[in-house]
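Got your viewer open and your selection syntax warmed up? Let's take a walk through this one together, stop by stop.

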Amino acid sequence: MKDDSKYYLKCVKCEHITPDFGVWFEQNQVCPECGSNHSEVWYNSDYKELPLIIKGNPISFWQYFYYLPLSKQENVISRNEGAVSLQNWWFLEDFAKEKYGLDINVQVYRNDLNGGTGTFKDVAASLAASIFKEHDIKQYCVASTGNTATSYARYLSIAGINCSVFIPDNALKASEAMISAFGQQVLRVKGDYSKAKKIAAEYSKKYNILISIGNIDPIRVEAKKTMVFEWLRQLDRLPDVYIQAISGGTGPIAIDKGIREIKSVYPDLKNPKFIMVQPDGCDPMVQAWENAEKNGFPDGFEKEYPILDNPQTAVPTLATGNPATYPIIAKLVQNSGGTFLRMKESKMIDYAKLVAFERKVILGPASAVCMAGFFEALKKGLIKNGETVLINTGEGVRRAPDFVNEMIYTTKNVDSIDECKPHEIDDYRKQLWEAVIKD
Ligand SMILES: Cc1ncc(COP(=O)(O)O)c(C=O)c1O
Ligand SMILES: [Zn+2]
């Protein structure tokens, strides 16, 4: 480690130091000592400035430039991502009070407001494009269920970098269309996400092109760790409970890293209870967790998980049938006192309709899964009186335009004025709540 450099990477397995991303890329993104691809970024900073920076008024996560692995500000590629608002959704608080007698604070992290592509993948893509620009990378490739692909496609195009995107055959047409519109190459693989990842890895090797190394990718983790800074800025504390729809799980990995990183200035922070939600069409992590729970979490429980071939889910973004990161996530969840929850995807639209009615916000499918997790967590008694709950909604409906079509419920087909009369908007409320509450 050179003391005059801003950051370095440290291997999680053997602590070998890689001085910067240029060398990391030359090493093919693995540790030359032990071969592990899991390294974390650390900074030669004492973090004294961070509390001051956190008091600022950011337009993007680049507010935290000193704690991001980029040397020159001129290389930043940004579209106002990562400074999205936390919103207090009182209708969820009222529900928790009325039905369960709980006084809780519910905050929703509105990732649909990200400027890049309107998902929580935008911060990673922004940092990736900037790092690639700094290190003169011209070709990149990524396998993704859709949102990472779209986001990387956009930011890398802005930086003038070629990005080949491998998507599974169930990925949404809207994702494919956007990637294509940006001029990036789409390779739609005949098979599931696991197969897309396999072919992408072979492509990377064949042409010696850098590839995204998944949920532990230090670029993704560094970008997403700024969520911790943002919550401190907006809440002045961290939430007690964190709810997210999970596919691979960069969220909890990055939150944990962010908290460890700033221990010297915020010694009392700890991980929130991680509540990780999967749809019943693709729930390998939930299955693994339930099995471990039944057996009393034996030593090494985190290494046991099912692999689902070609998972059939209505939420292609969450279709990770082979949850290779489960061993890491399961330990984080266990240590946080959290859990994995399953939701019924047949009810996704009911949650989305309720939110659209109560908050006038149209969620995308993966966010509806996340929202369902809040109701499930209440039902299972996982949220306690006085707690602050953060619901991390990863996307809005522009990522899945067909989803909104399923939300139509007030239409009457009319032929003459006799069939038309004024309506009362509040009359719909009861039916929407009943749909969500019923089993
Ligand atoms: C909107 C949304 N929610 C949740 C997830 C799951 O994120 P992760 O793969 O980091 O678990 C994704 C991933 O694609 C997503 O796009
Ligand atoms: Zn190593």
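Here is a tour from the whole fold down to single residues.

**The whole chain**

Keep in mind as you click around that this is a predicted model. Start with a cartoon of everything: the protein has 15 helices and 13 strands. Its radius of gyration is 22 Å, close to the 22 Å that the globule rule gives for 439 residues, so the protein is as compact as a globular protein of that length. Along the principal axes, the C-alpha trace spans about 75 × 50 × 45 Å. Color by burial and 49% of the 439 residues come up as buried. If you like contact maps, look far from the diagonal: of the contacts with a separation of 6 or more, 71% are between residues 24 or more positions apart.

**Ligand 1**

Now zoom to ligand 1 and show what surrounds it. There are 18 residues around it, and Asn147, Ser247, Ala366, Gly394 and Glu395 come nearest. Helix H5 (147-158), helix H9 (250-261) and helix H13 (365-379) are the elements that give two or more residues to this shell. What is the shell made of, in terms of nonpolar, polar and charged residues? It divides into 13 polar, three nonpolar and two charged residues.

**Helix H5**

Select 147-158 next, since Asn147 has already come up. Lay a distance between the end C-alpha atoms of H5 and you get 17 Å; at 1.5 Å a residue, its 12 residues should span 16 Å, so the two agree. Is H5 mostly covered or mostly open? Mostly covered, with 10 of its 12 residues buried. The buried set includes Asn147, Tyr152, Arg154 and Leu156. To see what the buried residues of H5 pack against, switch on helix H4 (122-134), strand E6 (139-143), strand E7 (162-168) and helix H6 (173-181). Before leaving, click the glycine that follows the helix: glycine 160 has a positive phi, near 75°.

**Strand E11 and its partner**

Move to residues 273-279, strand E11, where seven of seven residues are buried. In a regular strand, side chains alternate between the two faces of the sheet. Check both sides here: Lys273, Ile275, Val277 and Pro279 are buried on one face of E11, and Phe274, Met276 and Gln278 are buried on the other. Add strand E10 (241-245), which pairs with E11 in the parallel sense over five bridges. For a close-up, pick tyrosine 242, which stands opposite phenylalanine 274.

**A three-strand sheet**

For a contrasting view, select strands E1, E2 and E3. They make an open sheet in the order E2-E1-E3, with antiparallel pairing. Strand E2 (17-18) and strand E3 (39-43) are the edges, each pairing on one side only. E1, residues 7-11, pairs with E2 over two bridges. Find one such spot by selecting lysine 10, whose bridge partner in E2 is isoleucine 17.

**Glycine 364**

Last stop: the loop between helix H12 (348-359) and H13, where you'll find glycine 364. Why does glycine 364 count as buried? Because 29 other C-beta atoms lie within 10 Å, and 20 or more are enough to count as buried. Leaving aside residues up to four places away in sequence, glycine 364 touches Glu395, Gly396, Val397, Arg399, Ala400 and Phe403. Glu395 is a familiar name from the residues that come nearest ligand 1. To finish, draw a C-alpha to C-alpha distance from glycine 364 to glutamine 287: they are 77 residues apart in sequence and 24 Å apart in space.

Definitions and conventions: Residues are numbered from 1 along each chain as its sequence is written. Chains are lettered from A and ligands numbered from 1 in the order in which they are written. This is a predicted model: local features need pLDDT of at least 70, side-chain atom pairs count only at pLDDT 80 or more; totals for chains, interfaces and linings use all residues. A residue is near a molecule or strand if its C-beta atom, placed from the backbone, lies within 6 Å of it. Helices (H or I, at least four residues) and strands (E, at least two) are DSSP runs, numbered from the N terminus. Ala, Val, Leu, Ile, Met, Phe, Trp, Tyr, Cys and Pro count as nonpolar, Asp, Glu, Lys and Arg as charged, and the others, Gly among them, as polar. The expected span of a helix is 1.5 Å times one less than its number of residues. Two residues are in contact if their C-beta atoms, placed from the backbone, lie within 7 Å. Two strands pair if DSSP finds at least two bridges between them. The radius of gyration is taken over C-alpha atoms; the globule rule is 2.2 Å times the number of residues to the power 0.38.
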